[in-house]
Amino acid sequence: MPVITPEQLVSLQQARSHIRNICILAHVDHGKTTLSDCLLASNGIISPKMSGKIRYLDSREDEQERGITMKSSGISLLFKIIKHITLAGTVDDGTLSQSKTEEDDYLINLIDSPGHVDFSSEVSTASRLCDGALVIVDTVEGVCTQTHTVLKQAWVENVRPIVVLNKIDRLITELKMTPTEAYIHMKNILEQVNAIMAVFYSEDLMQDDARKFEEVQQKNAAPTTSKEDAEALASGLEDWNLEDRDDSNIYFSPEKGNVIFGSAVDGWAFRINQFASIYANKLGIKESLLLKVLWGDFYLDPKTKRVIGYRSLKGRSLKPMFVQFALENIWAVYDAVFNQTDRSKVEKIVKALNLKILPRDMRSKDSKMLLQSICGQWLPLSSSVLAAVVELLPSPLDAQRIRMPKILHPERHISAGNDLAEDADASELDRAVYRCDASANAPIVVYISKMFSVPAKDLPVNKRVQLTAEEMRLRKMQTLRMRQESEGQHPNRSLSTEELRLKRLSALQLQGEGPAPLAEMVTAVPAPEQPKNDDHEHLIGFARIYSGTIKTGQTLHVLGPKYDPRFPDKYRSEIIVEQLYLLMGRELQPLDEVPAGNVFGIGGLDAHVLKTATLSSTPECRSLGGLRVDAPIVRVALEPKDPTQMNQLREGLKLLNQADPSVEVVLQETGEHVILTAGELHLERCLKDLKERFAKIEIQCSPPIVPFRETISKFPSLTATTTGEAKDDTVDTDDDEATEAKPPAALPTGSTVLYTRNKTCKVHVRALPLPPNVVQFLIKSEASIKSVLQSDDSGSHIDDLLSKLKEEFAIAEKEGDLVEPEKWAGVVDRLWAFGPKRIGPNMLVNNIAGYDRAVWIRNAKASGQYTSSNNNELDRAFDDDARESLEDSEDGQQDREGQDEGPVDGDHILGAKDFDGSINTSFQLATQVGPMCAEPIMGVCYFVEEFEIDAAAQTSKVSSLSGQILATFKDACKQAFLGWSPRLMLAMYSCELQAPAEVLGKVYAVLAKRRGRIISEEMKDGTPFFNIKSLLPVVESFGFNDDIRKRTSGAASPQLIFSGFEVLDQDPYWVPTTEEELEDLGEKADRENLAKKYLENVRKRKGLFVERKIVEHAEKQQTLKKK
Ligand SMILES: Nc1nc2c(ncn2[C@@H]2O[C@H](COP(=O)(O)OP(=O)(O)OP(=O)(O)O)[C@@H](O)[C@H]2O)c(=O)[nH]1
Ligand SMILES: [Mg+2]
């Protein structure tokens, strides 16, 4: 296998039409890294014998140990296509047609991504940089959750996919399917994949239609000037209704070439065109026609030698052509090879296929090896896959025209077929990006999708490089000479001219080095500025250049994800490009420049880029936006084992935060360092990185901290019939600020009346549970609520959101989900705020007689207090548990919205209007820190029924009262909450796993032990596997994966995906009261009360009061002692 040199690759970087940027996507363990091994072997990076075994791109130790990829990594490959070109000629004029061959080189920038859900952010970063994707589906497991996710990712990012049906060998050897069964099985899988694509397509279509309808309506609303206008409009309406949209290009079908069949581990793969070209001559059928019938229910009539369809079968048992001509051949090879006793069949096959198999391989007892060498020659995987890539996936020149408008201008709608690269209205910069312009004067636009860390010793400047033969000869002579001199041999002998020349040359080479050992084959090339600390970590940006040519020494602007060209001073810095690299898997190859359209690595950005960034030669460039990363769910607190090493930990955390797209590092108010990770495996990787690379210290890690939510049920509280009884057990917050009103018992459930400490102000709050559909709607709408809060003019968006909310309440009323239905009439029109963090799933509603406030944020807008910027500050104040990020710890200041600090003028009567902001703030605080165990509240609506200020207090300053009101109101919310029977909500994972029937019992046992709930159980067609979907509380999930693997001896491996919060229907404050209950469950019933157990654990962790009997059965212990 010829080794491809980096120089060959670099020279191809200029040929933009010959570049393909692709990533490999799939569900976990479907064979991505194994497949990339085969592609690497074709470039001589690894030996073909090792391909599929070493998983070269899994370069981390833990990746190799566990067999799971944990990061995406890039590598550049070269692919040669030899084209046979038939030169035109006619028989008439005497010139016969001739053919010649032409070689074409392609540069493939390949990114292998992880399939485990914990690392799904790595998939986002990979697909952002690529134009095409190989989506691998394991034919045994079929379409899995992550298959769906990666197809969606490719769809959203406009990345063109090719499907690879992998592990076909398992259908033959493990599942013992016949070729026909395998064909039906694979047909099913393809249908499933296409059904997913159809859903994406129709979703987009519906959105498109809705948008067009809106546009037409808006035009309609504008007064039309002429009859023609009106007609044009009407025809426009008809147009989009009748528009015939072609969706055929989105589906996968072998005849189109976008489906590859193969086995990565055995190194073979094919597309049906390969068999079409083999059989076209033999069958006397045109290749193009054969291509159309080689997949699907088409049969070759043995009598007529004609292709017939299913209907013409007329009961005959013919096999589909795909089975007869493709699969049966492969099955025959497997049969022959695994038949150890009779090797003659193999010899026959080898001869028929005209392959050259080494006699050593032929004689080998290792059938797998023989199989690999036969199949690898007959249907080499790399050629089939890379030919499909080159043929079907777009070059950056084509892809950027389609992909970049959406990435540069996500807010605009760009209709298909509009070529913006030639659009005169587009800016020069935009056009350069769409055209992938690499010319020297084109503006430079580079996107960095993630930062990854490389130990300093692995950087090319510090790498040991191979010496050439000449260099080695020189060195050898030099050493010999030195030895001779030192031994005093022939000290006075004069040197020959040749020896002198060599001596001079080698002295130049070995400047500053002592005598080197004779046998040394490699040497370190001294770097111009070698880092002093060799075990340092360097961060390299994983980047793609969309326009211009980036060169070392250039000065570029670094634009943060929030950068806006209208404010060029914010989120922008400048750098001088220091190092550029060709990504070669485990290695980096230094480059001087990279032209547009390439994926590459860039160093020296540590101080400028956190996770993603855009680099440009002009500040007019827009930021190419951050990536959507799912919120991490598993959090742990960390501390160094040796307390004096706190600084190292902080530095390490900073590096980790930068180098991992989905980890979040926070410094809590308590001073604790907390990291949030996507799952248990991700956490493990982060800890390993911290200990071994980033902080290099021993670290102690708390048990995982799982989030809970607090909510209320439809039933009155069991323990607190009057307000405040459960107080002792609740979170203690500024209680002394409030005093209770006298007759609380007369009020309906969930009501609280409190006075401020100086008795001048009365607040009356009532809490009611929100109906479930409204809660779900508020959770779903979080992003849109946030965008309304952040934008300055969003009139129509506010209306839109509120009308949808009204619809949800109407649905809840119809379904009978409202507690006290009469209470909810017109509730949306009196909406005050959402909370916590102003976007959460709880509502504050104004029921104060005489206080007319405009709905939601309209009120603040009307009174001029509201700007999106002050809102941002408030947002930050409540951002994730009021914690601060390590980077900008000074930003965590709390801000009270719209407070009027001035004195009150003479005739102004103080009322709710003056304390609108305080009340909102205390609602935010009350919902952020619930009364049960200080976790956020979910699904509660607080009605402010009364708010009165005494005549005596009318002369006070607003500022002096607002503190007391804030505390009292917060307390009132808390007590109103406890008027209902409270519930904990558990974070849930949805868990999907496949398991063979014989281990099902064990799987269920593990699930049951961990309080999982089975949702569905289906047998996978044609396989002995069951697909089990279940829900599992996150709090019970730690160690679940290992547990399942151990109990089933590795037969089942689950995927856990966070699916939201679910009510645990148990009152944690419930205690047995009747005699029977007392007898059965004991005085406290704590063993039965799971909610109580969870609650107490959280309270204990947070240092809150937990009622405990420390010594139980003390007498018994005494008696034992006496014995
Ligand atoms: N029988 C068979 N096994 C395969 C094939 N391809 C991959 N495997 C095996 O499947 C397992 C997983 O392969 P990987 O290449 O690590 O899978 P992956 O998709 O990279 O996995 P992640 O990166 O962790 O998501 C390994 O044990 C491979 O040997 C195949 O074609 N046939
Ligand atoms: Mg992998």
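A search of the whole structure, which is a predicted model, turns up 23 aromatic pairs. One of them joins Trp268 and Phe270: the ring centres sit 6.2 Å apart with the planes at 10 degrees, so this pair counts as stacked. Planes under 30 degrees apart are what it takes for that label. Neither ring shows any surface to speak of, with Trp268 buried at 0% relative accessibility and Phe270 likewise buried at 0%.

The pair formed by Phe915 and Phe947 looks like this: the centres are 6.0 Å apart and the planes meet at 50 degrees, so the pair is tilted. Phe915 belongs to the loop between strand 32 (884-885) and helix 27 (916-928), while Phe947 is part of strand 33 (residues 940-949), so the contact ties together parts that lie 32 residues apart in sequence. Phe915 and Phe947 are both buried.

Back at Trp268 and Phe270, the pairing goes on into a cluster linked by ring pairs. Along with those two, the cluster takes in Tyr183, Phe261, Phe275, Trp295, Phe322, Tyr334, Phe338 and Trp378.

Phe947 turns up again in the nonpolar packing. The largest nonpolar core has 179 residues, and Phe947 is among those with the most contacts inside it, together with Ile550, Ile602, Phe809, Met843, Trp856 and Tyr942. Strand 34 (residues 980-996) supplies the largest share of this core, ten residues. Apart from it lies another core, this one of 98 residues, and here Trp268 reappears, listed with Ala182, Phe200 and Val346 among its members.

As for Phe809, what does it touch once residues up to four places away in sequence are set aside? The neighbours are Leu770, Pro771, Val774, Leu818, Trp824, Val827, Val828 and Met843. Met843 is thus both a partner of Phe809 and, like Phe809, one of the residues with the most contacts in the largest core.

Aromatic rings also meet charged side chains. The charged end of Arg586 sits over the ring of Tyr56, 4.6 Å from its centre. Arg128, in turn, lies over the face of Tyr447, with 5.2 Å to the ring centre.

Then there is the metal. The magnesium ion (ligand 2) is coordinated by the OG1 atoms of Thr33 and Thr69, at 1.9 Å. Thr33 lies in helix 2 (residues 32-41) and Thr69 in the loop between helix 3 (61-66) and strand 2 (73-87), so the two threonines tie together parts that are 36 residues apart in sequence. Thr33 is buried, at 6% relative accessible area, and Thr69 is buried too, at 8%.

How values were computed:
Residues numbered from 1 in each chain as written. Chains lettered and ligands numbered in written order. Predicted model: local features only at pLDDT ≥ 70, side-chain atom pairs only at ≥ 80, totals over all residues. Heavy atoms only, no water. Donors = N, O, S within 2.8 Å, 3.2 Å for Na, K, Ca; no water. Helix = DSSP H or I, 4+ residues; strand = E, 2+ residues; numbered from the N terminus. Buried < 20%, exposed > 50% of the residue type's maximum accessible area, 1.4 Å probe, protein only. Core = buried A, V, L, I, M, F, W, Y, C linked by side-chain atoms within 4.5 Å. Contact = heavy atoms within 4.5 Å. Phe/Tyr/Trp six-rings, centres within 6.5 Å; stacked < 30°, edge-to-face > 60°. Lys NZ or Arg CZ within 6 Å of the ring centre and 35° of its normal.
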